[in-house]
Amino acid sequence: KVHPQQDPIPFVALDLAQEAQLLCFDEFQVTDIADALLLKRLFSVLFHVGVVVVTTSNRPPDALYEGGLNRSLFVPFIDTLQKTCDV
């Protein structure tokens, strides 16, 4: 069992990785800081364990969560997306 204070996101990511080697997201967008930080943690683990992530979006990574509250917390993940993914 997961301790209540332990971050559940890595466990979810590892469960996903056991089920799928490829994940696809259509119309990927980030609209609030909670989503931004969850996606950052989830994708970081997925990338680390070798899951291929394919997304479509009308926005380039630089424009994700543009103008959002505390966007500076999400910007390092945008750099990770640009380094890890073919855009």
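## Cysteines, core and a salt bridge in a predicted model

A search of the whole structure, which is a predicted model, finds 0 disulfides. The cysteine sulfur closest to that of C24 belongs to C85, and because the two sulfur atoms are 12 Å apart, they are too far from each other for a bond. A disulfide would need the sulfur atoms to be within 2.5 Å. The two cysteines also differ in their surroundings, since C24 counts as exposed, at 55% relative accessibility, whereas C85 is partly exposed, with a relative accessible area of 24%.

Charged side chains come next. Side chains of opposite charge can pair when their charged atoms come close. The structure holds 1 salt bridge, and it is formed by R41 and D7, whose closest N and O atoms are 2.9 Å apart. This pair links distant parts of the chain, for R41 belongs to helix α2 (residues 33–48) while D7 lies in the segment before α1 (9–19), and the two are 34 residues apart. Both partners are partly exposed, R41 with a relative accessible area of 33% and D7 at 30% relative accessibility.

Which residues touch the most other members of the largest nonpolar core? This core has 20 residues, and the four in question are V30, F43, L46 and F74. The elements that give two or more residues to the core are α1, α2 and α3 (75–84), and the element that gives the most is α2, with 7 residues.

Two of these four core residues can be followed further. When residues up to four places away in sequence are not counted, V30 touches D35, A36, L39, L64, Y65 and F74. L46, which has its place in helix α2, is buried, with a relative accessible area of 0%. Leaving aside the neighbours within four places in sequence, L46 is in contact with A13, L16, L23, V51 and V53. By contrast with these contacts, L46 and Q29 are 18 Å apart in space, C-alpha to C-alpha, with their positions 17 residues apart in sequence.

Helix α3 also has buried residues, namely F77, I78 and L81. They lie on the same side of α3, because they cover an arc of only 105° around the axis. This spacing can be read with a simple rule in mind: an α-helix has 3.6 residues a turn, so residues three or four places apart point the same way. Among what covers the buried residues of α3 is α2, the helix that also gives the most residues to the core.

Finally, two residues have a positive phi although they are not glycines, and the table sets them side by side.

| Residue | Phi | Place | Relative accessible area |
|---|---|---|---|
| E27 | about 60° | loop between β1 (22–25) and α2 | 40%, partly exposed |
| Y65 | about 55° | loop between β2 (52–55) and α3 | 7%, buried |

Is the side of the chain at Y65 buried or exposed? Y65 is buried, with a relative accessible area of 7%, and this residue is also one of those that V30 touches. E27, on the other hand, is partly exposed at 40%.

Methods:
Residues numbered from 1 in each chain as written. Predicted model: local features only at pLDDT ≥ 70, side-chain atom pairs only at ≥ 80, totals over all residues. Heavy atoms only, no water. Salt bridge = Lys/Arg side-chain N within 4 Å of Asp/Glu carboxyl O. Helix = DSSP H or I, 4+ residues; strand = E, 2+ residues; numbered from the N terminus. Buried < 20%, exposed > 50% of the residue type's maximum accessible area, 1.4 Å probe, protein only. Core = buried A, V, L, I, M, F, W, Y, C linked by side-chain atoms within 4.5 Å. Contact = heavy atoms within 4.5 Å. Arc of directions from axis to C-beta.
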